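Please look over this protein and get your bearings in the chain. A short report on its inside, its surface and its side-chain pairs follows.

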Amino acid sequence: MKIDVSKLNDLKDTIYSEDIIFDKEKYVCHPPLLEVKKCHVDLTVHNYSEFIDVNISLKAEVLLQCSYSLKPFDSNIKAKDNLHFSNVEGDEEFISYKGNLIEMDDYLFDLLSASIPASPKAPGATLPNSGKGYRILSEDELLKEKEEQGNSKFDALKDFDFDN
C-alpha cells in the first residue's frame with residue numbers, strides 16, 4: 001500500500017481501503033504467527049503543512065501456533081495505530097520519508113506482528129498434563145518453587161565471615 005503525497009488534499013482527509021497481500025519472501029512469519037491469510041487495511045490520511053498524519057485500522061485473518069498444543073489454528077486480529085510522517089530529516093518525533101510516496105507495507109506488517117498475543121491459545125485448548133519425566137508448571141508455580149528452593153549458588157556464602 002502506497003500513499004501518494006502529491007495527491008493529498010490539505011483541506012480534507014484522504015481515505016484508503018485495501019486488501020493487502022504480504023510477499024512471503026519479504027515478510028517472513030515467525031511463530032506464533034505462521035501465516036497471514038487475509039489482511040484488510042483502512043487508512044485515514046490528513047496532510048498538515050509540517051507533517052502527514054496516518055490513522056491505521058487493520059483487520060487480518062491469520063494462522064497462529066497454539067502455545068499449549070503447538071497446533072495451528074485460525075484467528076482474527078484487529079489493530080489500530082496512528083503514525084506521523086515528515087519529509088524533514090532529523091526530527092525524532094516523525095517518521096521521515098523521501099519523495100512523493102510513502103510505502104506502508106513495512107509499517108502494516110510490523111503493526112500486525114506486534115498485535116499477535118505472546119502466548120496464543122486455540123479455542124478449547126488446555127494445558128497438557130505432566131507426564132513421564134516432565135512436569136507442566138504455570139509461570140506463577142515456577143516462580144513460587146524457585147523462591148522456596150532459594151539459590152544454592154550463594155548459600156555457601158551465608159556462613160562465610162568477610163570481616164577477617
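## Charged pairs, core and surface

At 35% relative accessibility, Glu61 counts as partly exposed. This value, like the others here, comes from a predicted model. Glu61 has a partner: its side chain and that of Lys38 meet in a salt bridge, 3.8 Å from N to O. Lys38 lies in strand β3 and Glu61 in strand β4, so the pair ties together parts that are 23 residues apart in sequence. Lys38 counts as exposed, with 53% relative accessibility.

Side chains of opposite charge can pair when their charged atoms come close. A search of the whole structure finds six salt bridges. The table gives three of them, including the one just described.

| Lys | Acidic partner | N to O distance |
|---|---|---|
| Lys7 | Asp4 | 4.0 Å |
| Lys24 | Glu35 | 3.9 Å |
| Lys38 | Glu61 | 3.8 Å |

Take the pair of Lys24 and Glu35. The pair links distant parts of the chain: Lys24 sits in the loop between β2 and β3, Glu35 in strand β3, and eleven residues separate them. Lys24 is exposed, with a relative accessible area of 59%. Glu35 is partly exposed, at 27%. As for Lys7, its relative accessible area is 66%, so Lys7 is exposed.

### The nonpolar core

Now go inside. In soluble globular proteins, nonpolar side chains tend to be buried together. In this model, the largest nonpolar core has 36 residues. Leu43 and Met104 have the most contacts inside this core. Four elements give two or more residues to the core: β3 (33-47), β4 (52-65), β5 (72-86) and α1 (105-114). Which element gives the most to this core? Strand β4 does, with seven residues.

Met104 has contacts in several parts of the sequence. Leaving aside neighbours within four places in sequence, Met104 is in contact with Met1, Ile3, Leu43, Val54, Ile56, Leu83 and Phe85.

Leu43 also touches Thr14. Thr14 is in strand β2 (residues 14-19). Is Thr14 buried or exposed? At 19% relative accessibility, Thr14 counts as buried, because the cut-off is under 20%. Not counting residues up to four places away in sequence, Thr14 touches Leu8, Asn9, Leu43, Thr44 and Val45.

### Aromatic rings

A pair of aromatic rings is described by the distance of the centres and the angle of the planes. The whole structure holds six aromatic pairs. In one of them, the rings of Tyr27 and Phe109 have their centres 5.2 Å apart and their planes at 45°, so the pair is tilted. Tyr27 lies in the loop between β2 and β3 and Phe109 in helix α1, so the pair ties together parts that are 82 residues apart in sequence. Tyr27 is buried, with a relative accessible area of 10%. Phe109 is buried too, at 8%. Ring pairs link Phe22, Tyr27 and Phe109 into a cluster.

### Around Gln65

Gln65 is found in strand β4. With 23% relative accessibility, Gln65 counts as partly exposed. Beyond its neighbours within four places in sequence, Gln65 is in contact with Pro31, Pro32, Leu34, Leu70, Lys71, Pro72, Phe73 and Pro120. Pro31 is 34 residues from Gln65 along the chain, and their C-alpha atoms are separated by 6.4 Å.

Two of these contacts lead to backbone features. Most residues other than glycine have a negative phi, and most peptide bonds are trans. The peptide bond from Pro31 to Pro32 is cis, with omega near 15°. Pro32 is in the loop between β2 and β3. Leu70 has a positive phi, near 65°. Leu70 lies in the loop between β4 and β5. At 57% relative accessibility, Leu70 counts as exposed.

Pro32 has another contact, Pro117. Their C-alpha atoms are separated by 8.2 Å, though they are 85 residues apart along the chain. Pro117 lies in the loop between α1 and α2 (139-149). Pro117 is partly exposed, with a relative accessible area of 38%. Ile77 also touches Pro117.

### A nonpolar patch outside

Some nonpolar residues lie on the surface. Leu157, Phe160 and Phe162 form a nonpolar patch there, with about 360 Å² of accessible area together. Leu157 is in the segment after α3 (152-155). Its relative accessible area is 43%, so Leu157 is partly exposed.

Technical notes. Residues numbered from 1 in each chain as written. Predicted model: local features only at pLDDT ≥ 70, side-chain atom pairs only at ≥ 80, totals over all residues. Heavy atoms only, no water. Core = buried A, V, L, I, M, F, W, Y, C linked by side-chain atoms within 4.5 Å. Buried < 20%, exposed > 50% of the residue type's maximum accessible area, 1.4 Å probe, protein only. Contact = heavy atoms within 4.5 Å. Patch = residues over 30% accessible without salt bridge, like charges linked within 9 Å, V, L, I, M, F, W, Y side chains within 5 Å. Areas by Shrake-Rupley, 256 points an atom, 1.4 Å probe, with all protein chains shown as cover. Phe/Tyr/Trp six-rings, centres within 6.5 Å; stacked < 30°, edge-to-face > 60°.
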